[in-house]
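Reader: I am new to this structure and would like to understand the terms applied to it. Could you take me through them with the reasons behind each one?

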Amino acid sequence: MKNKVAVVISRYYENLKWIEQIKSNIDVYIYDRLGESPGMGVSHALPWCKPKDPNDNLGGLDIEKCKQNGLNIEVINIPDDPGFEASTYAYHLYSKYDELNNITVFMQGHPDIYKKDAIYL
């Protein structure tokens, strides 16, 4: 994977079907934050998160469709932690430091909650 642009997504059980709308040659790193940190107790307060399902498969994301749209997708499973998405982004920068893309965009698994049509930016 090495296109000019990368999108790093920190996912906490969100539906990722929106990624299928992206039609561009970019690298997409999905950090799937599994489990729940002790004492977090936030999943019930996040309306964009679907209930935790041990059989969850990236919220129904069709990887093959994404590949046909030009996306290179890498899924990295990491444990959940109290750092939320910030620790995910720091982990990406640390672990991919020697191979970072020219442009890297960091997004939550539900970007349209804060910015409508975020995938068109």
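Reader: Why is Lys-96 called buried?

Author: Lys-96 has a relative accessible area of 12%, and buried means under 20%, exposed over 50% and partly exposed in between, with a 1.4 Å probe and protein chains only, so Lys-96 counts as buried. This is a predicted model, in which local features need pLDDT of at least 70, side-chain atom pairs count only at pLDDT 80 or more, and totals for chains, interfaces and linings use all residues. Residues are numbered from 1 along each chain as its sequence is written, and side-chain values use heavy atoms, with hydrogens and water left out.

Reader: What makes Glu-74 partly exposed?

Author: The relative accessible area of Glu-74 is 24%, which lies between the two cut-offs, and therefore Glu-74 is partly exposed.

Reader: What makes the pair Glu-74 and Lys-96 a salt bridge?

Author: A salt bridge needs a side-chain nitrogen of Lys or Arg within 4 Å of a carboxyl oxygen of Asp or Glu; the closest N and O atoms of Glu-74 and Lys-96 are 3.3 Å apart, so the pair qualifies.

Reader: Which other side chain meets that of Lys-65 in a salt bridge?

Author: The side chain of Glu-20 does, at 3.8 Å from N to O. Lys-65 counts as partly exposed because its relative accessibility is 37%, whereas Glu-20, at 8%, counts as buried.

Reader: How many salt bridges are found in the whole structure?

Author: A search finds 5, among them the one between Arg-11 and Asp-32, at 2.9 Å from N to O, and both of these residues are buried.
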